[in-house]
Amino acid sequence: MVLRFMLVSGFDPQTFKNLIIAFYRLLASKVDSHMLLCQRIASRAPRPLTIILIASAFGALAFLYSFIGFFSNEVNNIITFDAFGSLTPQEIGGHFLFGYIVALPTRILKMGVLSGLMALTIDADHLLNAAGFNLQARMGHSVSFAILSSVLIGLIVSQIFRKVSVWNETMSTESSPSGKKKKTTVYSKSVHNSLLSLEKKDIFSQYLVITLAAFMSHIAYDVFVNAGASFPMLAPLIFSDFFIPEIYALPIEAVAILLVYLGYTILSKRVI
């Protein structure tokens with residue numbers, strides 16, 4: 001019936017066939033683009049070496065931030081930190097466990113390991129005290145460091161992702177057969193760049209949330225095991241230590257878990 005109508009109306013079947021083929025190609029490109037985006041969003045878990053590098057970068061930031069302690073005039077708050085005495089299985093395991101728990105909403109084992117290691121490496125801000133320098137400790141336990149380090153880690157990881165993605169795309173183009181090389185190159189200039197821009201923003205948001213949650217988990221454990229825990233929360237604006245009652249330890253941990261859950265929920269909706 002349809003074929004008869006097309007012949008009677010003077011419609012060229014070949015033209016109709018070409019339209020179907022064009023529509024199919026357009027639909028296929030949209031499906032491939034969506035699948036590629038979903039695969040990249042779903043495979044955000046870093047590799048083991050990347051986990052170590054990110055955690056080390058976070059510890060390095062904490063160490064560098066501890067130099068702000070030289071500007072403190074709070075003589076009473078200058079303490080000596082016993083680095084070797086604090087490296088107990090309870091201290092290490094406790095910080096790692098609290099950090100690992102906050103990443104549970106991601107349902108990614110590697111992200112839990114990363115968060116646990118970051119919760120450990122933040123204590124690198126004690127190294128100057130351990131080396132014998134007379135300055136106020138725990139500068140990395142301040143709100144300003146939490147914000148600054150979260151943004152920097154997000155930027156660093158998103159830049160790493162961008163370079164790795166571009167390198168993988170280049171290698172894929174060079175290794176493809178000559179007949180498909182042109183097609184791959186066109187795809188990388190159009191779809192790949194748009195997906196990379198969106199994914200870069202999501203990677204930044206993801207690691208910003210993870211870093212902030214790891215910081216909160218570290219504070220939560222310090223408060224949990226020390227009834228007299230106090231931190232220079234407002235440094236470098238105010239170097240005075242602020243006491244946090246032990247009763248707030250688990251609520252702080254719960255807020256960190258909720259932060260990761262909401263962050264990943266929002267990212268998941270953006271992908272859909």
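This is a working chat about the fold, core, surface and local geometry of one predicted protein model.

User: What sort of model is this, and how are the residues numbered?

Analyst: The model is predicted: local features need pLDDT of at least 70, side-chain atom pairs count only at pLDDT 80 or more, and totals for chains, interfaces and linings use all residues. Residues are numbered from 1 along each chain as its sequence is written, and side-chain values use heavy atoms, with hydrogens and water left out.

User: How many helices and strands are there in the chain?

Analyst: The protein chain has 10 helices and two strands. Helices (H or I, at least four residues) and strands (E, at least two) are DSSP runs, numbered from the N terminus. Along the sequence the pattern is α-α-α-α-α-α-α-α-α-β-β-α.

User: What percentage of the residues is buried?

Analyst: Of the 272 residues in the protein chain, 39% are buried. Buried means under 20% relative accessible area, exposed means over 50%, and partly exposed lies in between (1.4 Å probe, protein chains only).

User: And how much area does the chain expose?

Analyst: About 15700 Å² is exposed by the protein chain, and carbon and sulfur atoms supply 70% of it. Accessible areas come from the Shrake-Rupley method with a 1.4 Å probe; for residues, only the protein chains shown count as cover.

User: Which residues have the most contacts inside the largest nonpolar core?

Analyst: They are Leu114, Met118, Phe145, Ile153 and Tyr207, in a core of 45 residues. The elements giving two or more residues to this core are α3 (48–65), α5 (89–102), α6 (109–121), α8, α9 (178–225) and α10 (249–271). Its largest share, 12 residues, comes from α9. A nonpolar core is a set of buried Ala, Val, Leu, Ile, Met, Phe, Trp, Tyr and Cys residues joined through side-chain atoms within 4.5 Å.

User: What does Ile153 touch?

Analyst: Not counting residues up to four places away in sequence, Ile153 touches Ile54, Ala57, Phe58, Leu61, Met118, Tyr207 and Thr211. Contact means heavy atoms within 4.5 Å.

User: Across the chain, what share of contacts joins residues at least 24 apart?

Analyst: The share is 78%, among contacts between residues at least 6 apart in sequence.

User: Back to α6. Which of its residues are buried?

Analyst: Met111, Gly112, Leu114, Ser115, Gly116, Met118 and Ala119 are buried in α6. An α-helix has 3.6 residues a turn, so residues three or four places apart point the same way.

User: What span should α6 have?

Analyst: The 13 residues of α6 should span 18 Å, and the end C-alpha atoms are 19 Å apart, which agrees. The expected span is 1.5 Å times one less than the number of residues.

User: Which residues form the nonpolar surface patch?

Analyst: Val143, Ile147, Leu148, Val151, Leu152, Leu155, Ile156 and Ile160 form it, with about 600 Å² of accessible area together. Patches are made of residues with over 30% relative accessible area and no salt bridge (a side-chain nitrogen of Lys or Arg within 4 Å of a carboxyl oxygen of Asp or Glu). Like charges are joined within 9 Å, and nonpolar side chains (Val, Leu, Ile, Met, Phe, Trp, Tyr) within 5 Å.

User: Where is Leu152 found?

Analyst: Leu152 is found in helix α8 (residues 143–175). Leu152 counts as partly exposed, at 30% relative accessibility.

User: Ala146: buried or exposed?

Analyst: Ala146, also in helix α8, counts as buried at 3% relative accessibility. Ala146 touches Leu212 and Phe215, leaving aside residues up to four places away in sequence. The C-alpha atoms of Ala146 and Ala214 lie 9.3 Å apart, although these residues are 68 apart in sequence.

User: Where is the cis peptide bond?

Analyst: The cis peptide bond joins Ala235 and Pro236, with omega at about 5 degrees. Pro236 is in the loop between β1 and β2 (242–243).

User: What is the phi of Arg107? And of Arg138?

Analyst: Arg107 has a positive phi of about 55 degrees although it is not a glycine. Arg107 is in the loop between α5 and α6 and counts as exposed at 78% relative accessibility. Arg138, likewise not a glycine, has a positive phi of about 65 degrees and is found in the loop between α7 (127–130) and α8.
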